[in-house]
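Visitor: Please show me the model, and let us ask of each term why it applies.

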Amino acid sequence: MASSDEIDGGVSAANPGPFVVSHPCPACHGRGCPTCHGTGVARFYHGTKADLSIGDLIKPGHTANYGELQRTTTYVYLTGTLDAATWGAELALGEGRGRIYIVEPVGTIEDDPNLTDKKFPGNPTRSYRSREPLRVTGEVVDWQGHSPEELKAMRDGLEHLKQQGIEPID
């Protein structure tokens, strides 16, 4: 992966695989401290189809990308793994191509209950949410998506959950 200083033209990246934190916090070496909001993660990502620019804020209050689409979001979501951000970019609804942005939380963050607790105890996906904005600081420009078979399996699984009445927690 290119250095974090190369954000003007985008950061290139090879997908490091499922749930691998690409950049542990240099202050605590991944153990968790105030610098990294206690997560041990130095670089956060947000996967979407929205076309954003460096400096833009991603805020709650928009139409949801997942689940019941008539609802307005009350959180914004971020992750410390490129793989989780890739899923976000691939599964988000909307027009255009999937995008992965490098973001920094403006305020406090908490574990994302959609992907933690019973689904993934201990939050191995490093997935978080916030009621406060995320600032776009860069974009990962050459990420590698999942295979068509993996995408179909994920979409089928999400549809199965929807049929059972299980929707994302917002």
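Visitor: Why is helix H1 called largely enclosed by the rest of the structure?

Guide: In this predicted model, a residue counts as buried if its relative accessible area is under 20%. Ten of the ten residues of H1 (residues 82-91) meet that condition, so the helix is largely enclosed by the rest of the structure. Among them are Leu 82, Asp 83, Trp 87 and Glu 90.

Visitor: Which elements do the buried residues of H1 pack against?

Guide: They pack against helix H2 (148-163) and the strands E1 (44-48), E3 (76-79), E4 (99-105), E6 (127-130) and E7 (134-140).

Visitor: What makes the set that includes Val 41 and Phe 44 a nonpolar core?

Guide: The term requires buried residues of certain kinds, Val and Phe included, joined through side-chain atoms within 4.5 Å. Eleven residues form the largest such core, including Val 41, Phe 44, Leu 78, Tyr 101 and Tyr 128. Strands E3, E4 and E7 each give two or more residues to this core. A second, separate core has eight residues, including Tyr 45, Ala 89, Val 140 and Trp 143.

Visitor: How do you know that both faces of E6 are covered?

Guide: Ser 127 and Arg 129 lie on one side, Tyr 128 and Ser 130 on the other, and all are buried.

Visitor: What makes E3 and E6 a pair of strands?

Guide: Pairing calls for at least two bridges. Four bridges join E3 to E6, and the two run antiparallel; Leu 78 has Tyr 128 as its bridge partner in E6. Strand E5 (residues 110-111) also runs antiparallel to E6, joined by two bridges, and there Glu 110 is partnered by Arg 129.

How values were computed: Residues are numbered from 1 along each chain as its sequence is written. This is a predicted model: local features need pLDDT of at least 70, side-chain atom pairs count only at pLDDT 80 or more; totals for chains, interfaces and linings use all residues. Side-chain values use heavy atoms; hydrogens and water are left out. Buried means under 20% relative accessible area, exposed over 50%, partly exposed in between (1.4 Å probe, protein chains only). Contact means heavy atoms within 4.5 Å.
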